[in-house]
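Hello,

Here is the structure for your set-up work. Please look it over, then read the notes below.

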Amino acid sequence: MIREFFYLQKSDRKVILVLLSVVVIALGIIFLTGGENETSNALVSADSIDNSAPSKHYRDSSYKKPYRERTVYVRTKVVYRDTAYQRGHRLSDVEHDSVVAHYQPKIRRGEHIVLNTADTTALKTVPGIGPYFARKVVEYGERLGGYVSVDQLDEIEDFPLEAKRYLVIENPSPRKLNVNRLSLNDLKRHPYLNFYQARDITDYRRLHGPLRSLDDLRLSKDFPQETIDRLRPYVEF
């Protein structure tokens, strides 16, 4: 057969050689690509078997971490100051206090707590008062020097008004301020005296001598009659 090849015409021999070359090149390509696929398949298979060691893909910055659980706030109906609010967010101190107060043991209608002698434990048994307002009532009473009226609780921001019916005043004896001896800084610590009012008192003492009554301050614009009446139970001369 090879001998016959040399008897062919020169043009025919070129065609046959070209065809043989094409066949050899095709076989070479198939051999090379087939080897690479086998290697790739082997690597994929190995990765799929070894799940304990993360591949480079998982260490890549594009890898997304598993979804984390989110804290969901449950929408709670809060009843406070005779108004219903729908809340889908974290409750404020006042809102939380009204919720806690709702579930605490409470005194019954017709029962009372003495305001000036009650501690936070006793105050939390009053309907509408929780830990937050119980603490506020005690703190404000200490700043005042004692309550002389239940209505003074209105001076506490957002205080639940329905709670006042369960509180009473018995034999009030508030702590007194000696307005003729205390310094300006000591005077202005009281909730009913600001800096300008305390300054008026010290200026009056310096110019006119000791005060005999709060009515001596009536000419000052910082001491209207309402302020004098409110302050009267807390001063001495």
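**Aromatic cluster**

Tyr132, Phe133 and Phe159 are joined into a cluster by ring pairs. Please keep in mind that this is a predicted model. The count of aromatic pairs comes to five. One of them joins tyrosine 132 to phenylalanine 133. Their ring centres are 5.1 Å apart, and the planes make an angle of 75 degrees, so the pair is edge-to-face, the term for planes over 60 degrees apart. Tyrosine 132 and phenylalanine 133 are both buried.

Phenylalanine 133 also pairs with phenylalanine 159. That pair is edge-to-face too, at 5.7 Å centre to centre and 80 degrees between the planes. It links distant parts of the chain. Phenylalanine 133 belongs to helix α6, residues 131-144. Phenylalanine 159 is in the loop between α6 and β4 (167-168), 26 residues apart from its partner. Phenylalanine 159 is buried, as is phenylalanine 133.

**The chain as a whole**

The chain has nine helices and six strands. It runs to 237 residues, and 26% of them count as buried. About 17700 Å² is exposed. Carbon and sulfur atoms supply 54% of that area. Among contacts with a separation of 6 or more, 49% come from residues 24 or more positions apart.

**The loop between α6 and β4**

This loop holds more than the ring of phenylalanine 159. Lysine 164 and aspartate 151 form a salt bridge, with their closest N and O atoms 3.0 Å apart. Both partners lie in the loop between α6 and β4, 13 residues apart. Aspartate 151 is partly exposed, because its relative accessibility is 47%, between the limits of 20% and 50%. A network of salt bridges links Asp151, Asp154 and Lys164. The whole structure has eight salt bridges.

Aspartate 158 is in this loop as well. Which sign does its phi have? The phi of aspartate 158 is positive, about 65 degrees, although the residue is not a glycine. Most residues other than glycine have a negative phi. Aspartate 158 is partly exposed, at 37% relative accessibility.

**A second positive phi**

Asparagine 171 has a positive phi of about 50 degrees, and it is not a glycine either. Its place is in the loop between β4 and β5 (177-178). Is asparagine 171 buried or exposed? Asparagine 171 counts as exposed because its relative accessibility is 74%, and the cut-off is over 50%.

**Around helix α9**

Arginine 232 takes part in a salt bridge with aspartate 215, at 3.5 Å from N to O. Arginine 232 sits in the loop between α9 (225-231) and β6 (235-236). Aspartate 215 sits in the loop between α8 (195-208) and α9. The two are 17 residues apart in sequence, so the bridge ties those parts together.

Arginine 232 also meets aspartate 229 in a salt bridge, again with 3.5 Å from N to O. How exposed are these side chains? Relative accessibility is 34% for arginine 232, 29% for aspartate 215 and 41% for aspartate 229. Each value lies between 20% and 50%, so arginine 232, aspartate 215 and aspartate 229 count as partly exposed.

Threonine 227 is in helix α9. Threonine 227 is buried because its relative accessible area is 12%, and buried means under 20%. Leaving aside neighbours within four places in sequence, threonine 227 is in contact with Gln197 and Asp222.

Arginine 230 has a ring partner. Its charged end sits over the ring of tyrosine 192. The distance to the ring centre is 4.1 Å.

**Surface patch**

Which residues form the nonpolar patch on the surface? They are Ile16, Leu17 and Leu20. Together they have about 260 Å² of accessible area. Isoleucine 16 lies in helix α2, residues 10-49. Its relative accessible area is 32%, so isoleucine 16 is partly exposed. That value also meets the patch rule, which asks for over 30%.

Best regards

How values were computed
Residues are numbered from 1 along each chain as its sequence is written. This is a predicted model: local features need pLDDT of at least 70, side-chain atom pairs count only at pLDDT 80 or more; totals for chains, interfaces and linings use all residues. Side-chain values use heavy atoms; hydrogens and water are left out. Helices (H or I, at least four residues) and strands (E, at least two) are DSSP runs, numbered from the N terminus. Buried means under 20% relative accessible area, exposed over 50%, partly exposed in between (1.4 Å probe, protein chains only). Contact means heavy atoms within 4.5 Å. Accessible areas come from the Shrake-Rupley method with a 1.4 Å probe; for residues, only the protein chains shown count as cover. Rings of Phe, Tyr and Trp (its six-membered ring) pair if their centres lie within 6.5 Å; planes under 30 degrees apart count as stacked, over 60 as edge-to-face and the rest as tilted. A charge sits over a ring if NZ of Lys or CZ of Arg is within 6 Å of the ring centre and within 35 degrees of the ring normal. Patches are made of residues with over 30% relative accessible area and no salt bridge: like charges are joined within 9 Å, nonpolar side chains (Val, Leu, Ile, Met, Phe, Trp, Tyr) within 5 Å. A salt bridge is a side-chain nitrogen of Lys or Arg within 4 Å of a carboxyl oxygen of Asp or Glu.
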